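Hi everyone, thanks for coming along. I'd like to walk you through one structure today, so have a look at the screen and we'll go piece by piece.

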Amino acid sequence: MAVTVKTFANASEAAGALSSDRSARYLGGGTLVMRALNEGDVSISTIVRARDQALTRIDASSPRITLGAGVTFARVLAERDLAFLHAPARSIGGPAVRNMGTVGGNLFAPNPYGDFTVALLALDATIAVQGGFGSRDIPIEEFLQGRERQAGTLVLSVSCTRPASSEAFRYRKIARIKPKGGSVITLAAHLPVSGGRIAGARIALGSMAPTQIRARAVERALEGRSLDAATIAAAASAATEGTSPSDNALGSAWYRREIVGVHLRRLLSGQE
Amino acid sequence: MTKIPLQFRHNGRDVAIFVDGGTNLLVALRELIGDMTPKFGCGQGGCGTCSVLIDGELHLSCLTLAETVAGRSVETLDGMKQGPNLHPLQRAFADNFAAQCGYCTPGMLMAAKALLDRNPAPSRADVIEAISGNICRCTGYEPIINAILAAAGGRASA
């Protein structure tokens, strides 16, 4: 079935078209929307695009970095100043998917995808969106909780603060196929350390709930402690708390619950 | 529904076609231009057999909205051979038995070309990464990896 394609010069016009038409979807890299069209998704009758340069801008020079929603994973990988995001970017797809898939689109990618968003959730990113009402910034957690309702808004950019050191941010994706494949589970940890103790831990999990979630029980087990064996053991034993994984072809809910603590322990103790 | 006029370079030649809204590049190439070298596999971005180069960058044509390539250069396997001569990668695939049923071969060759265009002397790990988005159900990948390394070696010594 043919769809109507509307291409706009700037993001605000595109956001207007998106918010006024329930059957419109924004086309970023194509890995989600074109896939839906190929599968015969009749709920999409309009595709909205924007050529706005602002959507593909990277600002990685300051402590707080901003990525336009249309920045591809290949561009993240080409940016030396974004080294802390290279592991999540590299864990996505093959080269072609990384040349196409975007940071903004990943926020909408359902399980077993959306790995970059797991990293952004651990980094407490802010999502800049534009709807019919104007633009605003939303904390990523709030954005993900209301993801189903975000269809009428256009994501403009994501921003987050650069971790203090490479030790302070860790990422691990478990896949059946190496080096590429959908996620069995995905883990990201932001562990800022102050005076030898963890202050402001954020742990994010992918494929452990309908959307990416924070592991709050793990965060509580880490907070204010030094990252020693006892702390890591306590954190790992809390890994399944608040999770609601499901079965899919890559793994069962039971298997995910079994392995999440194991991989969390490896992530926190710095094992490969 | 009105048709959308679309012009782009296809293997170095200018083409002009009319597409329906929402048509993907793979359908445009196969059904409107008659270039049957990119294949339809999964339509989901999982198999890589529809891979083409857009302005030299590896893309999945089945997930590319056709009209987004307006004014750009699209390279497919059909443009790889040089006159009557096979491209060194094609020669290496034949010599190393890297094609069995052949369905993945167009995508494998485009992914390999994208790699060698940027990195003429790749390591084995580079090759594995470069074809990680391309599925082959026959060969077990070893002959394909060896073919790409052989083509790179041949090129380096030439």
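Let's start with one helix, α7 of chain A, where D115(A), F116(A), T117(A), V118(A), A119(A), L120(A), L121(A) and A122(A) are buried. By buried I mean that 20 or more other C-beta atoms lie within 10 Å of the residue's own; 12 or fewer is exposed, anything in between is partly exposed, and the C-beta atoms are placed from the backbone. The helix covers residues 115-122, and 8 of its 8 residues are buried, so to speak of it as mostly covered is fair. Helices here are DSSP runs of H or I with at least four residues, strands are runs of E with at least two, and both are numbered from the N terminus. Just after α7(A), D124(A) takes a positive phi of about 55°.

A quick word on what you're looking at. This is a predicted model, in which local features need pLDDT of at least 70 and side-chain atom pairs count only at pLDDT 80 or more, while totals for chains, interfaces and linings use all residues. Residues are numbered from 1 along each chain as its sequence is written, and chains are lettered from A and ligands numbered from 1 in the order in which they are written.

Now, where does α7(A) sit in the bigger picture? Chain A is divided into domain 1 (4-50), domain 2 (54-161) and domain 3 (169-268), with bounds that come from an automatic or database domain assignment. Taken over C-alpha atoms, the centres of domain 2 and domain 3 of chain A are 20 Å apart. Each of these two domains puts 21 residues into the contact, and two residues count as in contact if their C-beta atoms, placed from the backbone, lie within 7 Å. On the domain 2 side, the elements giving two or more residues are α4 (86-90), α7 and α8 (140-145) of chain A. Which of them gives the largest share? That is our friend α7(A), with 6 residues. By class, the domain 2 side that touches domain 3 has 11 nonpolar, 6 polar and 4 charged residues. For those classes, Ala, Val, Leu, Ile, Met, Phe, Trp, Tyr, Cys and Pro count as nonpolar, Asp, Glu, Lys and Arg as charged, and the others, Gly among them, as polar.

Over to another helix, α11 of chain A. At 1.5 Å a residue, its 16 residues (253-268) should span 22 Å, and the end C-alpha atoms are 23 Å apart, which agrees; the expected span is 1.5 Å times one less than the number of residues. There is still a kink of about 30° in α11(A), centred on I259(A), where the bend is the angle between axes fitted to the seven residues ending there and the seven starting there. Buried in α11(A) are R256(A), V260(A), H263(A), L264(A), L267(A) and L268(A). Their cover includes β9 (169-175), β10 (183-190), β13 (202-206), α9 (216-222) and α10 (229-237) of chain A. Just after this helix, G270(A) takes a positive phi of about 75°.

In the loop between α10 and α11 of chain A you'll find S246(A). Buried or partly exposed? It counts as partly exposed, with 13 C-beta neighbours inside 10 Å. S246(A) and M208(A) are 38 residues apart in sequence, yet 7.3 Å apart in space, C-alpha to C-alpha.

Next, helix α1 of chain A (residues 11-19), in which A11(A), A14(A), A15(A), A17(A) and L18(A) are buried. Seen down the axis, these buried residues fall within an arc of 160°, so they line one face of the helix; the arc is that of the directions from the helix axis to the C-beta atoms. They pack against β1, β2 (24-26), β3 (46-50), β6 (126-131) and β8 (154-161) of chain A.

Finally, the two chains together. 22 residues of chain A are in contact with 26 residues of chain B. On the chain A side, β1 (4-8), α2 (33-38) and α5 (95-100) are the elements giving two or more residues, and α5(A) has the largest share, 5 residues. That side divides into 12 nonpolar, 7 polar and 3 charged residues.

That's my tour, thanks for listening!
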